[in-house]
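The following note sets out points for a colleague's consideration. They concern charged side chains and bonded cysteines.

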Amino acid sequence: MLRKIRQAALLGVAALAVSGPAHSQKEQFIPMNGYWVGPYAAGGSGIFGGFIDYVNMLNARDGGINGVKITYEKCETEYNNARGVECYERTKKRGPTGASLIHPLSTGITYSLIDKGTADHIPIVSIGYGRTDAADGRVFPYVFPLITTYWSQATAMLKFIGQREGDRTEKLKDKKIVLIYHDSAYGKEPIPVLESQSKRFGYDLTTIAVAHPGNEQQAQWLRVRQIRPDWVILWGWGVMNPTALKAAARIGFPRNKIVGVWWSGAEEDVIPAGDAAKGYIAAGFNVSGANYPVIKQIEKFVYAKGKGEMEDDSRIGSIYYNRGVVFGIISTEAIRNAQQKYGKGMPMTGEQIRWGLEHLNIDDKKLKQLGATGFMQALKVSCMDHEGGGSVKFLQWDGRKWNPITDWIASDRATVRPMIEESAAKYAREKGITPRDCSKEG
């Protein structure tokens, strides 16, 4: 399986060298710059698998978007910042109008591409990851940390823990919370808001870093045993996640007192841990399951014709796969939205798609049309707000599947939004950026 994935990734990179000039003028190019090899391959292959299958379904069922075929090429980043920038540079001018948008699928790569994407007028879309203060679209016009940011998720986690402790966040007073995090830009994202909230609610916060890739955690969990926290927040990725759950089991820490980030909450994160994962809880901005109309359409128009992206079709309907479908929905609806303004049935530029993203309104009616009711939360984006959602659902692993144990829990916007605006304003001053006046945006 790994050999096949590696071959596919290398073929995808090779294709970039030969297919550039051959694009039709009725095509919309989306780079698939991701990772199919290495310690984070489970996430990359699952998400880009769902993403690619969704656009292939639209091509097969609808002829693309209003007659504009969606094209794509893979480029292997290995979750490495330098490779991510290399893939961006290699793919940004492909297609008749250049790259539509970029999904870095890495907070570190996202940071590396913010200035480049802005200068090139190519939207950087970081769904559920990336730089949180980029939610202030006045300062970051080409960066879209859509659906829910890390800061929003952290406050929703605290709400959830508060509910478990007595139905309100005030019950966190004098509790001990340990954050075990991937020692990277991604892993450090929640620390400012967790520290801020610890002063507000009176809980004791300890942060413990885990070095990449995360398969050595004995020392970290020995510290957890010494601290004896009430709750552990796991901010992991890839092999770090099952390693953490196994380590927690060895020291006897209850898994139903561990709450994982949504990048620690997929089947690939728990199945390798076996019984050590039972009872573990994770946040999510999408659910698992194949019994949604949108997944049935993919099975009908893609897999029934033997053209599916996933080597292992049992992963269809998994958390990561469905997350990739969410990526596909948002990307293609932004393009469709742009066409409504700039030319139905025409390929869109990155600048036009930026407008489409900034005016996305995927409400309950639209979700039903897309076959995605209950699959993802509603989303409304604006010049001021490049997040657009902000809610989180919590899931618990029973040893076989993820079960939702809450409805959508809204983030603490009153806390998060001022922090976003303060951080974005500081960035604007440092970079000499004049924030946009949203009242003048069309």
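**Notes on charge pairs and disulfides**

1. Glu165 has a relative accessibility of 22% and therefore counts as partly exposed, since buried would require under 20%. The model under review is a predicted one. In it, the side chain of Glu165 meets that of Lys175 in a salt bridge, with 3.3 Å from N to O. This pair links distant parts of the chain: Glu165 belongs to helix α5 (150-166), whereas Lys175 sits in the loop between α5 and β5 (176-182), 10 residues apart. Lys175, with a relative accessibility of 22%, also counts as partly exposed.

2. How many salt bridges does a search of the whole structure find? The search returns 29. One of them joins Arg417 to Asp136, where the closest N and O atoms are 3.9 Å apart. Arg417 is in helix α15 and Asp136 in the loop between β3 (124-125) and β4 (143-144), so this salt bridge ties together parts of the chain that are 281 residues apart in sequence. Arg417 counts as buried because its relative accessibility is 10%. Asp136 counts as buried as well, at 1% relative accessibility.

3. A further salt bridge is formed by Glu358 and Arg354, with 3.1 Å between the closest N and O atoms. Both residues belong to helix α13 (residues 350-358); because they are four residues apart there, about one helical turn separates them. Glu358 is buried, as is Arg354.

4. Salt bridges also link Glu78, Arg83, Glu86 and Arg90 in a network. Part of the sequence range of this network falls to helix α3, which spans residues 81-91.

5. The count of disulfides comes to two. With the bonded cysteines of the protein chain numbered in sequence order, the pairing reads 1-2, 3-4.

6. Cys75 and Cys87 form a disulfide in which the sulfur atoms are 2.1 Å apart. The bond links distant parts of the chain, with Cys75 in strand β2 and Cys87 in helix α3, 12 residues apart. The torsion about the S-S bond of Cys75 and Cys87 is about -75°, so this disulfide is left-handed. Cys75 counts as buried because its relative accessibility is 0%. Cys87, at 1% relative accessibility, likewise counts as buried.

7. The other pair to consider is Cys383 and Cys438, a disulfide with its sulfur atoms 2.0 Å apart. Here too the bond links distant parts of the chain: Cys383 is in the loop between β11 (379-380) and β12 (391-397), Cys438 is in the segment after α15 (413-431), and the two are 55 residues apart. A torsion of about -75° about the S-S bond of Cys383 and Cys438 means that this disulfide is left-handed. Cys383 and Cys438 are both buried.

8. Which residues form a positive surface patch? The patch consists of Lys69, Lys300, Lys305 and Lys307. Among them, Lys69 lies in strand β2 (residues 69-76), the strand that also holds Cys75. Lys69 has a relative accessibility of 45% and so counts as partly exposed.

How values were computed:
Residues are numbered from 1 along each chain as its sequence is written. This is a predicted model: local features need pLDDT of at least 70, side-chain atom pairs count only at pLDDT 80 or more; totals for chains, interfaces and linings use all residues. Side-chain values use heavy atoms; hydrogens and water are left out. Patches are made of residues with over 30% relative accessible area and no salt bridge: like charges are joined within 9 Å, nonpolar side chains (Val, Leu, Ile, Met, Phe, Trp, Tyr) within 5 Å. Accessible areas come from the Shrake-Rupley method with a 1.4 Å probe; for residues, only the protein chains shown count as cover. A salt bridge is a side-chain nitrogen of Lys or Arg within 4 Å of a carboxyl oxygen of Asp or Glu. Lys and Arg count as positive and Asp and Glu as negative; His and the chain ends are not counted. The place of a charge is taken as NZ of Lys, CZ of Arg, CG of Asp or CD of Glu. Buried means under 20% relative accessible area, exposed over 50%, partly exposed in between (1.4 Å probe, protein chains only). A disulfide is a pair of cysteine sulfur atoms within 2.5 Å.
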